[in-house]
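Visitor: Hello! Could you show me a protein structure and walk me through it with a few questions?

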Amino acid sequence: MRIAAAAVNSYEYKEVEKGIEEVLACFGGIEALIRSGERVLIKPNMLEGLPPERAVTTHPEVVRAVIRQVKRAGGIPLVGDSPGIGSGMKAAEKNGIAGVCREEGAELLAFAESAEYSFPEGKVIRKFHLTGELQQVDKVISLAKMKTHSFMGITGAVKNLFGCIVGPGKAQFHLRLKRRDDFAAMLVDLALLVKPVFFLVDGIVGMEGNGPRNGSPIQAGVILGGTNGFAVDLVMGQMMGFNSEELPVSRLALARGLVPGLKRIEVVGSGRELRWDFQPPYNLESLDGRVPPFLVRFFQNQFTYRPVMNEKCTGCSRCAQHCPPQAIKIENGKAMVDYEQCIRCYCCQELCPFDAVILEQGLLLKLFGRKK
Ligand code: SF4
Ligand code: SF4
């Protein structure tokens, strides 16, 4: 199996275009993936309407380069995502992707309506409700951002597809799949169902630390790509400095034989030697898999991080509105968490606009110590 990594040092369009072309050339070029007349959904990460320099969303110049590639193959490019909160259209205006779509004549899709997708071969989910737009396209290209993620460790090629679930539907998955491994297994099923024809990751500037929203931008200088999203994420995680075969989605994909181990993945391209030391998200060292599941369930509060609101909390209530089990109340102008109800999904940390949610170690987790 092969993954391509192109070294790209800035978002200057010509450089981005060269990087995308280099990656695609390793797989026979865009013409090997897209046929003339096909409708192609380009799925960027549009977590929220934030400017590109925050490194939360796929950079608009990367989206532009992929739109042009699809057009070059005679395809019809469409761009869409469902952000964590609010409308995709508004988010796209703020993060620059809507402007690029207008300039390039690519339709921007709202991802407003869900449709049912049966997936009998799913390991944990056999029926998904995803954006109905997937039924209107011939191919999907996942166009992710390279970031750390408080719940999954990293977010890249595969986790990007969670945006195919429309708005509030995302919270239902957190409620149903509270354990990290169960949630990761759902992501594996989702990737197999959506089955993008290609996975690209914008890692020119990635995010480290408190990702996927409140971390710090880090210049990583790479665009990654491949036809197997699990392999792209394995390589990406390793480049970020993590033991990527142990990250939840990768571990399950390896166990299911959906991807070979890192040693059997050939990394090609001008960026193949790049390595960094990304600051991990705080709860990366969950004890899932290291202690028996019944113990984790019994002592959940001690085995995991818990969200704590710090002095930056303004009481804006965004976290309370999106907390899947409604475990947050606003009292005296500040968010308060009911830890008996909290399922440790970290949506509050992900969505807080003021970086006011810190993750505090549970007692037993402290004893086991932090590992990268
Ligand atoms: S924690 Fe963040 S999202 Fe929640 S109320 Fe405070 S400022 Fe708002
Ligand atoms: S309080 Fe935060 S971590 Fe806990 S369930 Fe609500 S959103 Fe998830």
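Guide: Here are some questions and answers about this predicted model.

Visitor: Which residues come nearest to ligand 1?
Guide: There are 14 residues around ligand 1. By class, this shell holds ten nonpolar, three polar and one charged residues. The ones that come nearest are Cys-313, Cys-316, Ser-317, Cys-319 and Cys-352.

Visitor: And how many polar residues are in the shell around ligand 2?
Guide: Ligand 2 is surrounded by 13 residues, and the closest are Cys-323, Cys-342, Cys-345, Tyr-346 and Cys-348. Twelve residues of the shell are nonpolar and one is charged. The number of polar residues there is given as no polar.

Visitor: Is Cys-342 buried or exposed?
Guide: A residue is called buried when its relative accessible area is under 20%. Cys-342 has 12% relative accessibility, so Cys-342 counts as buried.

Visitor: What about Cys-348, buried or exposed?
Guide: The same cut-off helps here: buried means under 20%. Because its relative accessible area is 9%, Cys-348 is buried.

Visitor: With these cysteines around, how many disulfides are found in the whole structure?
Guide: A disulfide needs a pair of cysteine sulfur atoms within 2.5 Å. Searching the whole structure for such pairs gives a count of zero.

Visitor: Which helices help cover the buried residues of H8?
Guide: Helix H8 spans residues 248-255, and its buried residues are Pro-248, Val-249, Ser-250 and Ala-253. After H8 comes Gly-257, with a positive phi near 70°. The cover over the buried residues of H8 includes helix H6 (180-194) and helix H7 (229-240).

How values were computed:
Residues are numbered from 1 along each chain as its sequence is written. Chains are lettered from A and ligands numbered from 1 in the order in which they are written. This is a predicted model: local features need pLDDT of at least 70, side-chain atom pairs count only at pLDDT 80 or more; totals for chains, interfaces and linings use all residues. Side-chain values use heavy atoms; hydrogens and water are left out. A residue is near a molecule or strand if one of its heavy atoms lies within 4 Å of it. Ala, Val, Leu, Ile, Met, Phe, Trp, Tyr, Cys and Pro count as nonpolar, Asp, Glu, Lys and Arg as charged, and the others, Gly among them, as polar. Buried means under 20% relative accessible area, exposed over 50%, partly exposed in between (1.4 Å probe, protein chains only). Helices (H or I, at least four residues) and strands (E, at least two) are DSSP runs, numbered from the N terminus. Contact means heavy atoms within 4.5 Å.
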